[in-house]
Every structure is written in C-alpha cells, then in structure tokens.
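Here is a walk through one protein model. Keep the sequence and the 3D view side by side as you read.

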Amino acid sequence: MIDLYTAATPNGHKVSIALEELGLPYELHVLDLARGVQKEPWFLAINPNGRIPAIVDRDAEDFAVFESGAILMYLAEKTGRLLPQDAKGRSRVVQWLMFQMGGIGPMMGQANVFFRYFAEKIQPAIDRYQGESKRLFRVLDTHLQQHEYLAGDYSIADIANWAWVRTHRWSGVPIDDLPHLQRWVEAIRARPAVQKGILMPPSMRENGPDREEKERQFAEEARKMVEMGQSRPSGV
C-alpha cells in the first residue's frame, strides 16, 4: 500500500495516473493547499520542500519520496513498467521526463501565475511565459509527428508531459495549430487509467455548469497561495 499526499494539480495528477496505470494500491490523502497544510511539520517530515505530491511506500519500511519526477521513476522501477530497463530506452524516457520537469512545468506554471493569478497584469511576463510554453509545445508536436509516444512505448514521460499539456487553456496557450500534439493529448486522455487518475482528486476547473465560478475561486485561492509563499521568511 502506498500513501499518496496530493492535490488537484498537474504534478499531483502525474502520480495518481501512474498509480492507476501500474495498478498499485494506494490511499489518497488530499491536502488543502489554501490552508497551508503542506507546510505543517508532519508533512515537512515527508517532503522538506513543503510541496505536493509525495508518497510513503508502506511496503518499503515507510520510505518517503518527494518530487513528482522522482516519484514516477520510483514507481516505474518498483514495478518494472513504464520505464525501459535497457540503457538507451531508459535514457530516452528520462530525457523527455526532464523536458517536462525543467521546461513544460516551470514555463506553464509561471504562465499561470502571471496570466491567471496576479491581480496586476504584467504583459511582458505573460508574453514571455506563454511564448516559451508554446515553443515547448512545438517541440513536442514536431517530435510526435514521427512518434506515437514520446520515447517509444507509452511511459512515465508521456504521463508527466500530458498532465501539464492538457491544462494548456488555463495557461492561455492554444494548441489548435499543433495537430500531432492534439492527437497525442486525445489518445492519452482516452486511456481508462488516465481518466480515473485525473479524478484523484478532481480539479475545480473541470467542465460543468458552474465552471466559470469554480475557475474564479480556484484562481483566487492560487493567488493567495502565491502571496503566502512569498511572505514566508523560511522560504518553505
């Protein structure tokens, strides 16, 4: 059994999707980020960085793992799935995983901050992060023109990148002109484990009759979290 400490974010959904794909039993613990639960001492003992997601593997003497990319690799290695064992195949997956960790995630995350969360709209910053996100999307689109998935077979690299790319509208970055990326997004979205994983937990931004109001509430809570993070003397 694995304890998953998470919230409805792209990084959180990476891990819940992987757990569903791998068929690993897990217990879901949803942290209220707006209340700062992730900064409480008990959770900092699991993840010193005070961020979600994190896991505790009860079958491995309560071994804790934080950082979403590290968690994906740990789970793949634990099961022998979604990550090739040969050196070249493994490297290809890790390269595209790092592409998400170092590029897609940070750029889209900053686009969200400046486009959605800050009350003051700083247009050069918005243009910068939306533009870089779109450039990275073009890299994916070009690669996917010749490949069904990012690194051979479906892998943790696809899970990691997809969990972020699927939220492109929230970042204000359209993908209508990127047909190969769209094809890949829809193919992964159709997987049963993915459909279940993105509901662990469900996002306030999912479609529904009150979607606009939920998005407003989500943005307001996110703005408060950004401001709270800036004001903490410890930086945690």
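At roughly what angle do the axes of helix 1 and helix 3 cross? This is a predicted model, and in it the two axes cross at roughly 10°. They come within 9 Å. Helix 1 covers residues 10-22, and helix 3 covers residues 68-79. An angle under 35 degrees counts as roughly parallel, so helix 1 is roughly parallel to helix 3.

Look at the residues that make this contact. Helix 1 brings Asn11, Lys14, Val15, Ala18, Leu19 and Leu22. Helix 3 answers with Ser68, Ile71, Leu72, Leu75, Ala76 and Thr79. By class, the contact has 8 nonpolar, 3 polar and 1 charged residues.

Now turn to the sheet. It is open, has 4 strands and runs in the order 2-1-3-4. The pairing is mixed. Strand 2 and strand 4 (63-66) are the edges, and each pairs on one side only. On average, neighbouring strands are turned by 20° against each other, direction ignored.

Both helices meet this sheet. Helix 1 packs on it and touches strand 1, strand 2 and strand 3 (54-57). The direction of helix 1 makes about 155° with that of strand 1. Helix 3 lies across strand 1, strand 3 and strand 4. With strand 4, helix 3 makes an angle of about 130°.

Strand 1 deserves a slower look. Is it enclosed or open to the outside? Of its 5 residues, 5 are buried, so strand 1 is largely enclosed by the rest of the structure. In a regular strand, side chains alternate between the two faces of the sheet. Here Ile2, Leu4 and Thr6 point one way from strand 1, while Asp3 and Tyr5 point the other way. All of them are buried.

Strand 1 pairs with strand 2 (residues 26-30) in the parallel sense, over 5 bridges. Isoleucine 2 has tyrosine 26 of strand 2 as its bridge partner. Tyrosine 5 stands opposite histidine 29 in strand 2.

Next comes the interior. The largest nonpolar core has 58 residues. Ile55, Leu75, Phe137, Leu140, Ile156, Leu181 and Trp184 have the most contacts inside this core. Several elements each supply at least two of its residues, including strand 1 (2-6), helix 1, helix 3, helix 5 (123-144), helix 6 (156-165) and helix 8 (179-189). Which helix gives the most to this core? Helix 4 does, with 11 residues. Apart from the largest core lies another, of 10 residues, among them Tyr5, Ala7, Leu33 and Ile46.

Take one residue of the largest core by itself. Isoleucine 156 touches Leu72, Met73, Ala76, Leu82, Leu83, Val93 and Leu97, not counting residues up to four places away in sequence.

Two more residues round off the tour. Asparagine 112 lies in helix 4. Its relative accessible area is 8%, under the 20% cut-off, so asparagine 112 is buried. With residues up to four places away in sequence left out, asparagine 112 touches Tyr117, Trp164, Trp170 and Ser171.

Proline 192 gives the opposite case. Proline 192 is found in helix 9 (residues 192-197). Its relative accessibility is 67%, and over 50% means exposed, so proline 192 counts as exposed. Which residue of the sequence, 175 residues apart from proline 192, has its C-alpha atom 9.7 Å away? That residue is isoleucine 17.

Key:
Residues numbered from 1 in each chain as written. Predicted model: local features only at pLDDT ≥ 70, side-chain atom pairs only at ≥ 80, totals over all residues. Heavy atoms only, no water. Axes fitted to C-alpha atoms, helices over the stretch in contact; angles between N-to-C directions. Parallel < 35°, antiparallel > 145°, perpendicular 65-115°, else oblique. Contact = heavy atoms within 4.5 Å. Nonpolar A, V, L, I, M, F, W, Y, C, P; charged D, E, K, R; others polar. Core = buried A, V, L, I, M, F, W, Y, C linked by side-chain atoms within 4.5 Å. Buried < 20%, exposed > 50% of the residue type's maximum accessible area, 1.4 Å probe, protein only. Pairing = 2+ DSSP bridges.
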